[in-house]
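Hello,

Here is the structure I promised to pass on to you. Have a look at it first, and then read on for my notes.

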Amino acid sequence: MKHRFLSLMIGIVLVFLLAPFSDAYKLEYGESDHNLHWSSINFPVTYRITIAPPVPFSAFEQAVGESFAAWQAVKNATITFQASGTTDKKEPAYDGENCIIMGNNVSGPDVVGQAYIFYSVDTGEIFDVDIMLNSSYPWATDGSPKKMDVQDTLTHEVGHLCGLDDLYGKEDREKTMYGYIDYGETKKRTLEPDDEAGLAAIYPVTSSGGNGGGGGGSGCGTVTPASPSAGSGSINFLWIFLLLTFLGIRRLLFHPQGR
Ligand SMILES: [Ca+2]
Ligand SMILES: [Zn+2]
């Protein structure tokens, strides 16, 4: 009897000890009180692909498309995406275009992929996300062991584009939102149940079959800038914040988002 009581107590203590370290998924907040999310009025979220990819364009385009498709396929989440042509941009910019670009002007040499998320600190609404793949690394689309896989990296980065944050726990290693990557890795191409649950938490399917409006953070009368770069006076740049997320090569530590 005494034994059973003791093991029960140990069990309870263990649950309390472990609970804070075992998030199934994590939402991005940046500096906002609201979790970062796209408003459903901007569905499908469109994206442009660099005209200068590190592998043949058709293979790159295919890998990018698969990355977005993995998230769009989540059954109980409403966000959708659409390819919208190419871009010759080389740097991230708050310009109303979500661009997949190559470059090595990233936050450190160990950063393989980096997402630039422009959002409203008042509502958490995301307006623009650019994703940069570090051009200093060798890239492939076939899981080559000594190269970085485009689809693997981008599926993780599109998770950020949707509003999901990195995970760093031992138990998170198989998840797409795990914050480290390695050469030849392809396991992030496919979502784990926790990745899907995270997306569904941000973009729930409501009982009416419609869209939940993005984490309940929208609907506060915020005006969505239709064309943020047009020099419109309706945008106060003080309200638009930039969140950087890093996908680092394995075993090298980063402090994500500096917060
Ligand atoms: Ca942009
Ligand atoms: Zn990340």
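Which residues touch the most other members of the largest nonpolar core? They are I100, I117 and C162, in a core of 53 residues. Strand β4 (residues 111–120) gives this core its largest share, seven residues. Please keep in mind as you read that this is a predicted model.

Now for the overall picture. The protein has four helices and nine strands, and from the N terminus on their order is α-β-α-β-β-β-β-β-β-α-β-α-β. Of its 259 residues, 40% count as buried. If you take the contacts with a separation of 6 or more, 73% of them are between residues 24 or more positions apart.

On to the strands, with β1 (45–50) as the starting point. β1 pairs with strand β2 (residues 81–87) in the parallel sense, over five bridges. Between these two strands the chain passes through helix α2 (residues 57–72), and the resulting β-α-β crossover is right-handed. Within this pairing, Y47 has A83 in β2 as its bridge partner. β1 is also joined to strand β3 (residues 99–103) by two bridges, and these strands run parallel as well. Here R48 has C99 in β3 as its bridge partner.

Helix α4 (residues 193–202) is worth a look too. Its residues D195, G198, L199 and I202 are buried. They lie on the same side of α4, because the arc they cover around the axis is only 95°. As a general reminder, an α-helix has 3.6 residues a turn, so residues three or four places apart point the same way. The cover over the buried residues of α4 includes α2 and α3 (150–162).

C162 ties several of these pieces together in the notes: leaving aside residues up to four places away in sequence, C162 touches W71, I79, L199 and I202. Two of those names, L199 and I202, will be familiar from the list of buried residues in α4.

One last spot to find on your screen is H34. This residue sits in the loop between α1 (2–18) and β1 (45–50). Is H34 buried or exposed? H34 is buried, because 21 other C-beta atoms lie within 10 Å, and the cut-off for buried is 20 or more. H34 and E125 are 91 residues apart in sequence, yet their C-alpha atoms are 8.3 Å apart in space.

Happy to go through any of this with you.

Best wishes

Key:
Residues numbered from 1 in each chain as written. Chains lettered and ligands numbered in written order. Predicted model: local features only at pLDDT ≥ 70, side-chain atom pairs only at ≥ 80, totals over all residues. Buried ≥ 20, exposed ≤ 12 C-beta atoms within 10 Å, placed from the backbone. Pairing = 2+ DSSP bridges. Right-handed = clockwise from strand over helix to strand, strands pointing away. Arc of directions from axis to C-beta. Contact = placed C-beta atoms within 7 Å. Core = buried A, V, L, I, M, F, W, Y, C linked by C-beta atoms within 7 Å.
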